[in-house]
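Hi,

Here is the structure I promised to pass on. Have a look at it first, then read my notes underneath.

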Amino acid sequence: MKTKYKCNWCVGDELYEVYHDEEWGKPVYDDDTLFEFLILETFQAGLSWITVLRKRENFRKAFDYFDYKKIANYKQDKIDLLLQDTGIIRNKLKVNATVTNAQAFIKVQEAFGSFSKYIWGFVDGKPIKNSYKTLKDVPANTPLSDTISKDLKKRGFKFVGTTVVYAHMQATGMVNDHVVDCFRYNEV
């Protein structure tokens, strides 16, 4: 049986490979999923993605399955419970930012009709298909992620630096950064 070539950042870890093969880079237009990825990416700041990915189910349970309407109304007692939850990354600033980001997310929905319309508007609703040959060619951020980061911050979002935003763009398929030899390159 011939093995399909894939981006080497995921090779060797089954969870990483499944994520790469089934989710990463696939265009996401659903607000619920876009919010989940945004929050997970903010928790990744300063950490590796696999750390967050291994805790993803715990995050889902702890944060009411990323129901941003519920999260926007979290009170201090809920935040205190989250900070004691060993199944997630217990960073006080990031947990508090999740509540702030849920509130900002709802404001963006109100202003644009959906977060999807807002975020995808930066790329005219279509993924940018890059043509990188190796992982070292893939940038950590771009002028576009700089622009989106600044706009998100202006709208009240936290932990949305340009690198976090670019990772979100990659994860949700706004950019196709699968290397050209990867079997997913032409599938997403």
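Below is what turned up on the core, the cavity and the salt bridges.

This is a predicted model, where local features need pLDDT of at least 70, side-chain atom pairs count only at pLDDT 80 or more, and totals for chains, interfaces and linings use all residues. Residues are numbered from 1 along each chain as its sequence is written, and side-chain values use heavy atoms, with hydrogens and water left out.

Start with the largest nonpolar core (buried Ala, Val, Leu, Ile, Met, Phe, Trp, Tyr and Cys joined through side-chain atoms within 4.5 Å; buried is under 20% relative accessible area, exposed over 50%, partly exposed in between, with a 1.4 Å probe and protein chains only). It has 52 residues, and Phe59, Phe63, Phe115 and Phe157 touch the most other members. Helix α2 (residues 31-44) gives the most to this core, seven residues; helices here are DSSP runs of H or I, at least four residues, and strands are E runs of at least two, numbered from the N terminus.

Now the charged pairs. There are 10 salt bridges, each a side-chain nitrogen of Lys or Arg within 4 Å of a carboxyl oxygen of Asp or Glu. In one of them, Glu36 pairs with Arg56, with the closest N and O atoms 3.0 Å apart. That pair links distant parts of the chain, as Glu36 sits in helix α2 and Arg56 in helix α4 (residues 56-62), 20 residues apart. Glu36 is buried at 10% relative accessibility, and Arg56 is buried too, at 7%. Another bridge joins Glu187 to Arg184, at 2.9 Å between the closest N and O atoms. Shared partners also tie Glu23, Glu36, Arg56, Glu57 and Arg60 into one network.

Cheers
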